[in-house]
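Student: I am new to this structure and would like a close look at one part of it, the place where two helices pack against each other. Could you take me through that part slowly?

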Amino acid sequence: MKKVFQNTSEAIHVFSQQTQNEGRNGTSSVFFIGNYIYSYGNHYLLGEFINYDTIIINDFGYSVTTSKHISELALATTHKKQFFTSYICIEKVQSEIDYNLKKLSRAKKPEIYISNITRLEKNISQWVEFCKLNKIEHKYKVNKSDYRYKKIVKIANSLLTPETIEKIKAKGKKDAIKQKKAEAKKLKSYLVDFYSYKINRFKCGNFDYLRMSDCGEFVETSQNIRIEKNEAKKLYICIKNKVNIKGYRIGYYTVNSINGTLKVGCHNIDIKSVHNVGKTLI
């Protein structure tokens with residue numbers, strides 16, 4: 001069984017599949033053992049699966065490289081239920097709410113800080129409910145009876161007046177339109193750079209994309225994952241022949257579905273991209 005992977009992305013993606021017990025990248029800056037993955041040594045736990053479908057991601061990192069590892073792990077586990085330490089550590093949540101309350105007292109647009117506070121409350125409430133339903137025992141576990149949690153809920157509820165709710169909804173719609181336009185512009189630029197081999201990975205919007213490697217021996221994804229050409233060819237022939245590919249194993253990964261997009265683990269691959277590359281393989 002292969003334990004040293006070609007790059008950080010592959011090591012993190014294999015960990016996210018939970019199909020083997022250990023592995024690392026070439027420099028050992030990222031390595032995993034069982035359901036734990038580390039960044040630059042045992043002192044920094046990057047993430048841990050608390051059950052097969054749920055991961056806690058430690059986003060308290062400060063170095064540039066560890067921040068990149070956090071980002072890659074978050075992207076590689078989008079098909080799992082995710083909790084981030086900054087959202088479930090009650091001391092951190094309390095601190096963030098206190099900061100936003102101070103800003104709120106003199107804000108020209110209070111809905112910004114009210115939205116931040118209610119988002120923090122919503123995230124930790126989801127964690128509290130999850131722990132209760134799944135009988136989770138963890139250092140970040142918070143009970144509904146915890147006075148700190150009760151205070152957070154009380155603060156959030158007191159801020160949500162009908163007028164504020166409408167303002168938050170309006171701001172959300174405006175931000176979504178702005179983000180969609182910005183993503184469309186960025187995507188065009190990313191795709192040009194990706195297909196010209198100037199970049200090896202990017203994430204923009206809801207889809208992932210494929211290309212042939214520069215050497216022509218691999219199919220590469222926009223999440224910097226490589227699959228041998230012959231393996232990709234076998235899968236594409238199945239797709240062309242309309243074979244049921246749910247559960248199909250390709251490399252370290254398992255096909256979830258194909259319905260408008262090809263879903264493999266955390267990848268949600270644009271179907272046009274699948275056919276464009278597939279046609280070059282057969």
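**Two packed helices**

Tutor: In this predicted model, helix H5, which covers residues 110–134, packs with helix H6, residues 147–159, at an angle of about 140 degrees, and their axes are 9 Å apart. Because angles over 145 degrees would count as roughly antiparallel and those of 65 to 115 as roughly perpendicular, H5 is oblique to H6. The crossing of these two helices, H5 and H6, is left-handed. On the side of H5, the contact is made by Ile114, Ile117, Thr118, Glu121, Ile124, Ser125 and Val128, while H6 contributes Tyr149, Ile152, Val153, Ile155, Ala156 and Leu159. Sorted by character, the residues where H5 meets H6 comprise ten nonpolar, two polar and one charged.

To place this part in a wider setting, it helps to turn to the cores. The largest nonpolar core has 39 residues, and Ile37, Leu73 and Leu262 are those with the most contacts inside it. Helix H8, residues 229–240, supplies the largest share of this core, namely five residues. There is also a second, separate core of 24 residues, which includes Ile114 together with Cys89, Leu104 and Ile136. Ile114 is thus a residue to look at twice, since you will find it in the contact of H5 with H6 and also in that second core.

How values were computed:
Residues are numbered from 1 along each chain as its sequence is written. This is a predicted model: local features need pLDDT of at least 70, side-chain atom pairs count only at pLDDT 80 or more; totals for chains, interfaces and linings use all residues. Side-chain values use heavy atoms; hydrogens and water are left out. A nonpolar core is a set of buried Ala, Val, Leu, Ile, Met, Phe, Trp, Tyr and Cys residues joined through side-chain atoms within 4.5 Å. Buried means under 20% relative accessible area, exposed over 50%, partly exposed in between (1.4 Å probe, protein chains only). Helices (H or I, at least four residues) and strands (E, at least two) are DSSP runs, numbered from the N terminus. Axes are lines fitted to C-alpha atoms, for helices over the stretch in contact, and angles run from 0 to 180 degrees between N-to-C directions. Angles under 35 degrees count as roughly parallel, over 145 as roughly antiparallel, 65 to 115 as roughly perpendicular and the rest as oblique. A crossing is left-handed if the near helix is turned anticlockwise from the far one by less than a right angle, and right-handed if clockwise. Contact means heavy atoms within 4.5 Å. Ala, Val, Leu, Ile, Met, Phe, Trp, Tyr, Cys and Pro count as nonpolar, Asp, Glu, Lys and Arg as charged, and the others, Gly among them, as polar.
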